[in-house]
Amino acid sequence: MKRKVFGKVAVVCAAMALCGVMAACSGKKTEGDGSESSASASASSAENGSGTNVPVRTYVKDMDLDKYISLKDYEAFRVAADEIVVSQEEWDQLVDEVYLNTFPAELGVKDRAVESGDTVNIDYEGKKDGVAFDGGTAKAQNLTIGSHSFIDGFEDGLIGVMPGETVDLNLTFPESYHSQELAGQAVVFTVTVNYIIPEEKMDEAVKGFVEEVNSVEDLRQYVYDYLYNVAEMDQQEEYEEKILDAFVEQYCEFKELPENWIEYYKATVNNNLVTYALQSATDPETLTQTYYGKGLQEFLADYAETAVRRELAMQCVAKKEGLTLEDETVLNEALEEIAGQYGAASVDEFLSGNSMTKEDFRQDYAYELALSRIVEIAKQK
């Protein structure tokens, strides 16, 4: 498994969901403690929602962590993991989707007409004034008659049609249809019914779907295992967030927060918000108000404070546990391993491709090692 080198910047799960994957080093950085002008520029830029260069952050090796944080003894730290549950509804739904979407045409029913409630496989083409319109054509589409998945008249128009037959359906899109071009417009759908999918699932229909599936029950188990693995990965991320929050709250005493780091995290997430906003044809202020009920400045302040507290906590643990990678040989070996895992041809390519310096990597890697250690402790019975 690849170690999550860049996990620490996305310290707020909600921000990750909104902004996508955030690289830990979204701006070019060099060693040093940053300048007041850099911090001021980033703060000013955050105020108006525009992107900015990320200010240089002070590296842990140049800091006295004791000035900012003290740790309580945490060997007794425990956090129970939530039970992994696969929803019965989600399980049944995915089994149905996989079964229908992989159903072999040769097993379809072709000796009777379509009835209400049937699931049919169809080809169709929609035309307005004799010209095919966007989104109105599909082949091998599954449709359950009576599901109201299509506009009024489409599904009812297929009742009584024999597989292999083609019919023209003269229909009208509703006035409220989302496409202004089609709303209220008369169209013709030319539809061919290919076959009817039997209501009862057949073992023959799933054989060969994947090597280990030879029956419907095998398919159900395969889908369950898939959903369980997805839920397990999601739970692991949520569990680590839960552990971080509990650890910071219970075992850390903060004396002050480094302003340089606050500005660094504000600028990092602000840049990602700006990028996402441009892609979504909106602005950062609207995004944070919509998703979090907070103005941009409040969101950035909350995000940065949470990030800095977690960063200080994990760097303090890394120092205490001897996980700071001070040995250059160990650091280089770790860099080579991670660069290889990410498909980089060299360490330099890996670092430059992620806008990182070796010191960035050292600090970020120490964070991940410390988090792994805290998770290990928290999991103990």
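## A tour of the predicted model

Of the protein's 381 residues, 43% count as buried. The model is predicted. Start with the whole protein in view.

**Stop 1: the overall fold.** Colour by secondary structure. The protein has 10 helices and six strands. Now turn on contacts. Among those between residues at least 6 apart in sequence, 73% join residues at least 24 apart. Switch to the surface. The accessible surface is about 20,000 Å². Carbon and sulfur atoms hold 46% of that area.

**Stop 2: leucine 94.** Select helix 3, residues 88–101. Leucine 94 sits in this helix. Which residues is leucine 94 in contact with, leaving aside neighbours within four places in sequence? Add Val223, Tyr226 and Leu227 to the selection: these are its contacts. Next, pick tyrosine 224 and draw a C-alpha to C-alpha distance to leucine 94. The separation is 9.1 Å, although the two residues are 130 apart along the chain.

**Stop 3: the cysteines.** Select cysteine 252 and cysteine 316. Cysteine 252 is buried, at 9% relative accessibility. Cysteine 316 is buried too, with a relative accessible area of 11%. How many disulfides does the structure hold? Zero. A disulfide is a covalent bond that links the sulfur atoms of two cysteines. Why is there no bond between cysteine 252 and the closest cysteine sulfur? That sulfur, in cysteine 316, is 7.3 Å away, which is too far for a bond. The cut-off for a disulfide is within 2.5 Å. From the other side, the closest cysteine sulfur to that of cysteine 316 is in cysteine 252, again at 7.3 Å.

Terms used
Residues are numbered from 1 along each chain as its sequence is written. This is a predicted model: local features need pLDDT of at least 70, side-chain atom pairs count only at pLDDT 80 or more; totals for chains, interfaces and linings use all residues. Side-chain values use heavy atoms; hydrogens and water are left out. Helices (H or I, at least four residues) and strands (E, at least two) are DSSP runs, numbered from the N terminus. Contact means heavy atoms within 4.5 Å. Buried means under 20% relative accessible area, exposed over 50%, partly exposed in between (1.4 Å probe, protein chains only). Accessible areas come from the Shrake-Rupley method with a 1.4 Å probe; for residues, only the protein chains shown count as cover.
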